Amino acid sequence: GRRPDVAFDPAGNATVVWDENDGVRTSVWSRRYVATGASWTAATLVENDDTGSNGGPRVAVDPAGNAGVVWGWSSSPDYRSFANRWSAATGRWGDAGPIDAVTTNSACPQVATDSSGNAGAVWCRISGSILDIWTSRYDAVAGIWGDAGTLESGDGGNSMEPQIAMNGAGNTVVVWKKSDGVRWNIWARVYR
């Protein structure tokens, strides 16, 4: 395995995700640490996609123990950002799906959750030759990702390496680096 990420819930349970190559493709896997028994569950596939490679997973866990995972998918020449959700109520992963309706050129997703189980994701999307930062929100009640939108002003500088954080009420901060052609600067947006 490689590129692991981990998140805890308030009860001390942990969700670990990573990607692993089987010699043909890379898949996203998970294991959960259950605090009450001080034991690890068996490794489980987060996605069942055999059409491309999946990698670089990032995980966030809400206070109820539900886990949200995002990762990049690729099958040359296409790149997409996918997500899945582990339900504490059912004890299993849902159906993985894209978080961006655009079928190509998105990568490097990050995720965060609030105390109600809603999530926010950010990623890079290539538009022509420019990298922009895009975002979408997951509605826990409806069980769906909303329409994706850009965080960019459209001034033509490349933007990369987005990071996202949410507090319990869903207030969100996104930061990323953006080139002005001379140097890289840190940019931020706040959602309340």
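Which side chains meet in a salt bridge with an N to O distance of 2.8 Å? Asp19 and Arg2 do. Keep in mind as you look around that this is a predicted model.

**Salt bridges**

Let's stay with that pair for a moment. Asp19 belongs to strand S2 (residues 14-21) and Arg2 to strand S1 (residues 2-8), so their contact ties together parts that are 17 residues apart in sequence. Asp19 has a second partner, too: Arg3 forms a salt bridge with Asp19. Since Arg3 lies in strand S1 and Asp19 in strand S2, this pair ties together parts that are 16 residues apart in sequence. Put the pieces together and you get a network of salt bridges linking Arg2, Arg3 and Asp19.

Is Asp19 buried or exposed? Asp19 counts as buried, because its relative accessibility is 0% and the cut-off for buried is under 20%. Its two partners are another story: Arg2 is partly exposed at 41%, and Arg3 is partly exposed at 40%.

The count of salt bridges comes to four. Among them is the one between Glu161 and Lys177. Glu161 lies in strand S16 (residues 159-166) and Lys177 in strand S17 (residues 172-179), so here the pair ties together parts that are 16 residues apart in sequence.

Here are three of the bridges side by side:

| Salt bridge | Closest N to O distance |
|---|---|
| Arg2 and Asp19 | 2.8 Å |
| Arg3 and Asp19 | 2.8 Å |
| Lys177 and Glu161 | 3.3 Å |

**Charges over rings**

Lys177 turns up again here. Besides its bridge to Glu161, Lys177 lies over the face of Trp184, 4.8 Å from the ring centre. With a relative accessible area of 22%, Lys177 is partly exposed. Which ring does the charged end of Lys178 sit over? That would be the ring of Trp187, with 5.3 Å to its centre.

**Aromatic rings**

Now for rings that pair with other rings. The structure holds four aromatic pairs. In one of them, the ring centres of Trp73 and Phe82 are 6.1 Å apart and the planes stand at 50 degrees, so the pair is tilted. Why tilted, rather than stacked or edge-to-face? Stacked needs planes under 30 degrees apart and edge-to-face needs over 60, so an angle of 50 degrees falls into the remaining class.

Both partners are tucked away by the numbers: Trp73 is buried at 11% relative accessible area, and Phe82 counts as buried at 13%. Add Trp71, and you have one aromatic cluster made of Trp71, Trp73 and Phe82.

Definitions and conventions: Residues numbered from 1 in each chain as written. Predicted model: local features only at pLDDT ≥ 70, side-chain atom pairs only at ≥ 80, totals over all residues. Heavy atoms only, no water. Phe/Tyr/Trp six-rings, centres within 6.5 Å; stacked < 30°, edge-to-face > 60°. Buried < 20%, exposed > 50% of the residue type's maximum accessible area, 1.4 Å probe, protein only. Lys NZ or Arg CZ within 6 Å of the ring centre and 35° of its normal. Helix = DSSP H or I, 4+ residues; strand = E, 2+ residues; numbered from the N terminus.
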